[in-house]
Amino acid sequence: MKDLIIIGAGPAGLAAAIYGIRAGLDLMVVERLSPGGQVMNTFEVENYPGFEEPVPGWELMSKMEGQARRLGAEIASGDVASVRKDAGSGIFTVALNDGTSMESKTVISASGASYRRLNVPGEEEYLGHGVSFCATCDGAFFKDRICAVIGGGDTALEEAHFLTRFAKKVYLVHRRDKFRGAKILQNRVQETEKIEPVYDSVVESIDGETTVKGVTLKNVKTGKTSSLAVDGVFIFVGFTANTSYLPPDVLDGNGEAAVDARMRTSVPGLYAAGDLRSGSRRQIVMAAADGATAALEAYDYILGLT
């Protein structure tokens, strides 16, 4: 039995592992995909303290993973199906989708969030054939093409700017009359000739044949629809917390893990950190801080069991 099981190896999970190992906890990190989380898809990170120049997302996360492994953290591959606490013993059982399970005194849920879908016709049909959720991954396939980026937050603005390295034109479609991303990102987008904002508009459908050929837009103020010829559609309209395996009573109305300032859920010994928790600002440095806080709280909790 472990002292601590950490679910997820993004910034929150890896920071939790680093702090947990240093506190002397016998722990394991369980990651569904590869360590690094969503940051692996970020071209450059320019707001993480300690880096004078922007650092590629993969490099930042590789350093975090390397630090955790150097200290002795075990990172295992697995897709968590459920987390349950036995009322009698107080021990947690973390069950995986392959039928195996592990036991632990404490659990930190740090499995992050997934890109939210538009849920419009054509989105699923053309996924991988012109529809993408990662400009860093797929931008090079659209050299000298026309693309549409859907969204108005930090991620949408960053990815739209990144796409201009390849695409000859990028439409930035947002449902409001102004973007909501950081001012520095807004300025960067507005100063880039290749980017054309399309305000007050939502996607009605993604159109094509074997690949994407365009999008149908609806102006939310006038109700009028229009067609936009594009070769690729990149969607960045928010995130959905990856919390399906958690007990329903620890989730809020948005499906996010409800925690206090010390990352504690309503179940003693169960913590949540990073993008899946309520009130998360979805910033790398904040997720890392969440993970560190949760690990120290887990340590204190375990001390109280003895």
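**Exercise 1. Which residue in E10 is the bridge partner of Cys147?**

First, a word on the model: it is predicted, so local features need pLDDT of at least 70 and side-chain atom pairs count only at pLDDT 80 or more, while totals for chains, interfaces and linings use all residues. Residues are numbered from 1 along each chain as its sequence is written, and side-chain values use heavy atoms, with hydrogens and water left out.

*Solution.*
- Start with the strands, which are DSSP runs of E with at least two residues, numbered from the N terminus.
- Strand E10 covers residues 169–173 and runs parallel to E9, with five bridges joining them; two strands pair if DSSP finds at least two bridges between them.
- The partner of Cys147 in E10 is Val170.

**Exercise 2. Place E9 in its sheet, and explain why E9 is largely enclosed.**

*Solution.*
- Read the order of the open, five-stranded sheet: E8-E15-E9-E10-E11, with parallel pairing.
- Look at the edges: E8 and E11 (195–198) each have a single partner strand, so one side of each lacks a neighbour in the sheet.
- Turn to E15 (residues 232–235), joined to E9 by four bridges; here Cys147 stands opposite Gly232.
- Finally, check burial (under 20% relative accessible area, 1.4 Å probe, protein chains only): four of the five residues of E9 (146–150) are buried, so the rest of the structure largely encloses this strand.

**Exercise 3. Where does Arg116 lie?**

*Solution.*
- Locate the loop between strand E7 (113–115) and strand E8 (131–132): Arg116 lies there.
- Then take its accessibility: Arg116 has a relative accessible area of 38%, which makes this residue partly exposed, the class between buried and exposed (over 50%).
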